[in-house]
Amino acid sequence: MKRKLNQDDEPPAADAAAVAEPEKKKEKKEKKEKKAVEEEKELSFAELGLDPRLVQAVAKLGFEKPTLVQRRAIPLALNGEDVLCKAKTGSGKTAAYVLPVLQGILGRKKTDNTPTTAGLILVPTRELADQVHKAIEEFSAFCAKDVTAAKLTENVSDAVQRSLLANVPDVVVSTPARAWKSVDSGALSVANLQYLVLDEADLVLSYGYDEDMENLARSMPKGVQTTMMSATLLSAELDTLKGIFCRNPTLLDLKEEFGEEDEKLTQYYVRTGEDDKWLITYLIFKLQLIKGPCLIFVADIDRSYRLKLFFEQFSIRSCILNSELPVNTRIKVIEEFNKGIYDIIIASDERSEVFGDEKEEETKEEGEGEEKKGKKKGGRKGKRDEEYGVSRGIDFKNVAAVVNFDLPTSASSYTHRIGRTARAGRTGIAMSFVVPKELFGKHKPTSIKSCEKDEKVLAKIVRAQGKMNRKLEPYNFSKEQMEAFRYRMNDALRAVTKVAIREARTRELRQELLRSETLKRYFEENPAELSHLRHDGELGHKARQQAHLKHVPDYLLPKEAKKEITKGSVGFVPFKKVDKDKKHRGKFGAKGKGRSFKVGGGRKGDPLKTFKVRRKK
Ligand SMILES: Nc1ncnc2c1ncn2[C@@H]1O[C@H](COP(=O)(O)OP(=O)(O)OP(=O)(O)O)[C@@H](O)[C@H]1O
């Protein structure tokens with residue numbers, strides 16, 4: 001009878017081999033899997049089975065090899081499978097779904113040249129439709145005569161739209177509402193559709209396109225190959241979408257591998273009072289502590305104008321993006337931002353305003369809040385473009401940092417906002433201001449309702465990011481170092497009155513309408529004139545201008561700051577937490593070499609006079 005082993009005994013040799021066997025097998029399997037992953041990483045676009053003309057196009061775009069989502073999704077799609085894919089923002093999802101559609105059309109055209117719309121790509125916003133349409137043109141650069149594409153988002157007349165569709169484009173890019181309107185009017189036929197793509201699929205439903213989606217589903221033939229993409233595909237949306245469109249889809253949930261493609265996004269959060277976030281933001285941008293293009297998200301449209309006017313007090317130039325601006329203006333601002341003409345965009349991510357308060361319920365699988373679905377009919381203030389959105393999918397190029405001046409109201413909004421930086425393997429910084437519960441409402445002039453739940457939302461964001469192997473680091477700005485600048489911040493805030501904000505808002509709209517409509521033909525004949533119509537022009541005629549705020553006097557500037565600014569290095573000049581016991585501090589309490597400086601002895605009175613720079617001991 002086999003002697004019972006107690007835990008101290010050495011197992012007999014035969015048993016030792018039996019025990020070692022599974023271990024060996026497991027090790028072998030892990031080694032094999034690791035080798036397969038390494039080999040997969042070396043796959044080329046040609047090895048994915050793509051048409052040489054598409055391979056040529058991506059090579060021309062500088063894509064050396066496919067990203068994770070492309071390596072996984074393209075073969076499945078080429079194999080005719082329905083794909084539901086969750087992959088991180090900026091990971092190349094657009095190419096992952098466009099290339100297989102183009103490949104399918106090229107394949108069909110080899111035997112059947114009948115004009116027919118074979119591909120329909122649905123996106124939630126006009127900006128994204130414009131971007132996807134551009135991507136299709138880039139990817140089909142070497143087969144343009146074989147593939148035609150149209151986008152149904154231009155704010156052109158129905159007649160023009162109808163003539164666009166009369167040529168029966170192979171691929172149509174549209175928002176669901178415009179697609180259904182064209183199908184319903186007979187301008188667009190989806191009777192022979194073969195490929196359907198939903199990008200930012202979860203948002204397509206929460207933007208209130210449910211009805212349009214159901215109508216479109218009814219108009220399409222059965223068996224359309226469907227691909228759905230999003231960085232935050234929540235289980236609720238997943239079931240709805242699967243029910244409407246998919247046959248037996250393959251679920252590609254790449255979140256586990258977020259950590260694999262070396263994560264280059266650094267995320268900070270700053271616990272700060274409602275007024276201090278204005279002071280910190282002023283310092284960050286006036287002292288250029290964040291270098292390079294930056295995207296600032298605020299809670300609503302008024303806030304975006306207030307921040308722009310506040311910046312103007314210090315001669316900091318910025319652009320505005322919101323749903324009130326004409327779509328062509330929004331697309332132009334994004335294009336010019338991507339060309340480096342502007343460095344700061346202030347975007348109001350006003351879904352919570354447009355769709356009403358987003359309630360966040362914890363969903364078990366995702367640990368991410370679920371944004372309240374559906375649009376609050378009639379709950380919107382003023383004329384807004386429901387198809388506006390910049391926190392989702394828009395491929396802002398080389399954004400050095402995303403600043404959540406106002407924290408979003410859901411973890412998934414946060415994921416998409418920060419997804420505008422650190423794209424395609426580049427580095428990026430996300431900095432989010434969090435108003436602690438005990439400080440909420442303490443500074444009435446700058447307090448807004450959406451910050452009341454900042455701490456709760458932060459907790460959910462930390463959990464959701466943790467599930468993607470990402471973390472947020474707390475960041476403390478040294479209050480004493482900031483005090484010297486507070487009076488300047490207050491002067492500027494006082495100058496930006498409600499009247500000034502309202503004036504700026506209406507003026508911007510008037511200017512944009514003027515720019516986009518009546519002068520269009522003139523600028524087509526005089527393109528050089530167009531450049532004068534920069535979008536980051538000063539709006540502050542109504543806000544009192546204060547010359548003394550336009551520059552930072554030398555005695556205020558710590559020597560380090562001056563050196564950093566002239567150095568012109570790109571990227572984020574990190575502050576470091578102020579550890580009382582540390583000897584060395586850089587600018588704003590940054591640890592490391594450099595001088596420490598203190599506002600003079602904490603004495604009352606004008607900090608400008610008591611500000612002293614002390615050499616490092
Ligand atoms: N294989 C590749 N190699 C290099 N760059 C790539 C590759 N694929 C895409 N890119 C670039 O990466 C950037 C992000 O791509 P894309 O917009 O498709 O990401 P995404 O996953 O759709 O992002 P989001 O979640 O914000 O929609 C783009 O500038 C694109 O040109």
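Trainee: Which residues does Asp 51 touch, not counting residues up to four places away in sequence?

Mentor: This is a predicted model in which local features need pLDDT of at least 70, side-chain atom pairs count only at pLDDT 80 or more, and totals for chains, interfaces and linings use all residues. Residues are numbered from 1 along each chain as its sequence is written, and side-chain values use heavy atoms, with hydrogens and water left out. With contact taken as heavy atoms within 4.5 Å, the residues that Asp 51 touches are Gln 103, Leu 106 and Lys 110.

Trainee: Where is Asp 51 found, and is Asp 51 buried or exposed?

Mentor: Helices here are DSSP runs (H or I, at least four residues) and strands likewise (E, at least two), numbered from the N terminus, and Asp 51 is found in the loop between helix 1 (13-41) and helix 2 (52-60). Buried means under 20% relative accessible area, exposed over 50%, and partly exposed in between, using a 1.4 Å probe and protein chains only. Because its relative accessible area is 8%, Asp 51 counts as buried.

Trainee: Which helix gives the largest share of the largest nonpolar core?

Mentor: A nonpolar core is a set of buried Ala, Val, Leu, Ile, Met, Phe, Trp, Tyr and Cys residues joined through side-chain atoms within 4.5 Å. The largest one has 56 residues, and those touching the most other members are Leu 99, Ile 121, Val 132, Leu 321, Ile 345 and Phe 396. Its largest share, 9 residues, comes from helix 4 (residues 93-109).

Trainee: Which residues is Leu 321 in contact with, leaving aside its neighbours within four places in sequence?

Mentor: Leu 321 belongs to the group in the largest core that touches the most other members. Its contacts outside the local sequence include Arg 330, Val 333, Ile 334, Ala 347, Ser 348 and Tyr 388, and they also include Ile 345, Ile 346, Val 390 and Phe 396.

Trainee: Which of the 20 residues around the ligand come nearest?

Mentor: A residue is near a molecule if one of its heavy atoms lies within 4 Å of it. A nitrogen atom of the ligand is 2.9 Å from a polar backbone atom of Lys 65, while an oxygen atom of the ligand lies 2.8 Å from a backbone N or O atom of Gly 90. Of the 20 residues around the ligand, those that come nearest are Lys 93, Thr 94, Asp 395, Arg 420 and Arg 423.

Conventions: Polar contact = N/O pair within 3.5 Å; in protein donor to acceptor, adjacent residues only side chain to side chain.
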